[in-house]
Amino acid sequence: MKFDKKKFTEETERILRAEFGSDLRSADTRELYNAVSKAVMRIALPAAPSGEGKRGAYFSAEFLMGRAIFSNLLNLGLLEDVQSALKSVGESLNRFEEVEDAALGNGGLGRLAACYLESAATMDIPLDGYGIRYRYGLFKQTFVDGYQHEEGDDWTRWGDPWSIPVERDAVIVEFADRKVKAVPCDMPIFGYRNGVVNNLRLWSSEPVKPFDFNTFNEMKGERIAQENYDVTKICDVLYPNDNTMVGKMLRLRQQYFLVSASLQDILRKEKAKEHDLRELYRYRCFQLNDTHPVLAIPELLRLLEREGLCFEEAFEVASKCFNFTNHTIMAEALEKWDALALSDILPDVYKEIVRCQQKLESDGLDRGQFYIIRDNVVHMANLAIFVSKKVNGVAEIHTEILKKDTFANWYGAFPEKFVNVTNGVTPRRWLLLNNPKMAKLIDSRIGTEWHTDLGQLEALRPHIDGMRASFRKIKRENKERLAAYIKAHEGIELPPDFIFDVQVKRLHEYKRQLLNALSILYFYFGIKEGEINSFPPTAFLFGAKAAPGYYNAKAIIKFINEIARLVNSDEEVADRMKVVFVQNYNVSYAEKIVCAADISEQISMAGMEASGTSNMKFMLNGTVTLGTLDGANVEICREAGEENEYIFGATVEEVAAIKRFYCPREILEGDPRLKRAVRTLIDGTFPDEKGMLRKLYESLITDYDADRYLVLYDFADYIRVKQQLLHDYGTKEFERKCLVNLVSAGKFSADRSVKEYAQKIWDLQ
Ligand code: 26Q
């Protein structure tokens, strides 16, 4: 893109004057942010939208976009130009680090959607996102006395200069008890330096009727306010659950609102082009991002029948348009709805679901094994599998578990539906943007084609030894930068020459942050008791949000914060250990952390983590994995060689057998120091006025199904491998491992993933 510095500065000044009455000298950060972003939008947006051909739609309740400004500038090729233009007027892009993240997602599934949109635009694949424009994104987290506190996330506090409201495309969404207006707001998705602009369309809810002044004057104002409130409430807030299901009716309304608005919008456009809706599959395909948007299936049936198709015809179209991605094997995260509640709120949609159930029966599928509705519960995953053309898992091991276990019956009946597409991450945000010096180092050795063809990193292999010194220096600088940020935001000092051992992800028992926490106490007591004499200086870093209603997850946060306080205030270990749990871990924090880590902790119980995607981000930045053979870790090992990772713990095959005779108490009795660490949950070492830590203890030792996730079972092996890793750190061999990880990361580009979707599933291009 040709950049005219003078024009850009003039445009920025014009916007400052017209919208804020300020100028470049007097503008505050918010004003400058808006003016710069809008000036860029004017340069970057094409005059006409992209044209013909089949398009894919990614339906997702979550898009965890993060901050737009830096990645948009990078992709438009304007990052350096805008930086220098601002510099010449005494300003800096760094000021925009204060800008809020768009956190319209919880974790992996939402971030994956964001990476896929960016990669699709970069790969010139016609894919648009459809989601909800939550008024408040994922809550902001602080710690008070070590407990998590949540606050609303007003992510548009400074406006949203990267979005365009499109009032003319508004549609009406009908529930049994009320109608709602859905108004779209479009976020352009810029491909990396290729001129492609795809779209993310996010819907907001508004009252249908414009404000009625007469009724208001007749003193019914209160009632109107109430009605408007109910309606707009649909998009108020993102549900902060990750991998657990809570059957909230408002969530049902959110989901229907999203899919009904999106499908009406799409059908309207197809009709305007005079396309025959019986052939919709020639023009459109829909990816269902987990069970959350699966109501799209009965909604499409309903809409097509309204257009004159019979059920059989509509079903045929739907079964060629829809595909379904599963992101979890946990039963509690698969959406289910109470049939009565659903038929109350969405009677016509429910009727379509009933017809799908009838079709399933008339197709001769055994009612005992195959059902969409059973005991008055609607199983959205089953509906998705029955109707979709393809069903995919997100890593090889995960897809195998789906086929053998979770959906074994469906796989038996429809083997051709099941495919794997291993997740990926966009190398633009997760290397070029977050680690520019490393990117430059790579450029200097192999050029820049790897930016859009990550497999080319392989060409670095012969350069590994020659890059070690520069790699070390860059990693060190990234650690200094992170340490300064943590000092400023958490008030804790981390010496950059410490090993940075990092676990960042949502807080969930299956992810086993508790295993990591207990290992820290174990090392700490070992040092204090004089049993561990040499321990390399290590900083243990955590970042995680717990769902506000997830009691044990919150207890684990409290536990780790108490461990941090104990360790960090103990002079005796100050030169060997630090522990920090950063507050409000989000995409922007991740960008700073991922490039500064020495160890990537991926320690879920085998079989539980569908893929993981931070594992890929760390790998791409030259970090070894300390992990189990779970999710994409398996493929990371295959790509980099298992000898370059630190693998421990029970395998999926072993887990089931272990659980049959498992007794966590026996393990404690066999390891006094582990016992001491576990007993800190109940022995008064830490304040526990709410009894949270005691509950954690019970979940590990005394509950029925105690230690469900084999924390204690895997403990000894974890310690063994972690000690080996800490011992290896700093050697030539270890640095080689880091670089082998980086050069082997090619497979984990989201570019590869979206191309696989386009070929195996969407039949695009
Ligand atoms: C469901 C019903 C009601 C309320 C909430 C939910 C809900 C919300 C979010 C269920 C699941 C999620 C999110 C799941 C998720 O993020 N899964 C992760 O997806 C990643 C991308 O595929 C994988 O890498 C992770 O392994 C997986 O945990």
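A polar contact here is a pair of N or O atoms within 3.5 Å. This is a predicted model, in which local features need pLDDT of at least 70 and side-chain atom pairs pLDDT 80 or more, while totals for chains, interfaces and linings use all residues. Residues are numbered from 1 along each chain as its sequence is written, and side-chain values use heavy atoms, without hydrogens or water.

Q: Which residue has a side-chain N or O atom 2.6 Å from an oxygen atom of the ligand?
A: Ligand oxygen atoms also approach polar backbone atoms, at 3.0 Å for Leu109 and at 2.8 Å for Gly612. The side-chain partner at 2.6 Å is Glu609.

Q: What percentage of the ligand's exposed area does the protein bury?
A: Accessible areas follow the Shrake-Rupley method with a 1.4 Å probe. The ligand taken alone exposes 610 Å², and the share buried by the protein is 98%.

Q: Which helix gives the largest share of the shell around the ligand?
A: A residue is near the ligand if one of its heavy atoms lies within 4 Å. Helices are DSSP runs (H or I, at least four residues) numbered from the N terminus. With 3 residues, the largest share comes from residues 108-122, helix α5.

Note on methods. A polar contact is a pair of N or O atoms within 3.5 Å; within protein, one must be able to donate a hydrogen and the other to accept it, and residues adjacent in sequence count only if both atoms are side-chain atoms. Helices (H or I, at least four residues) and strands (E, at least two) are DSSP runs, numbered from the N terminus.
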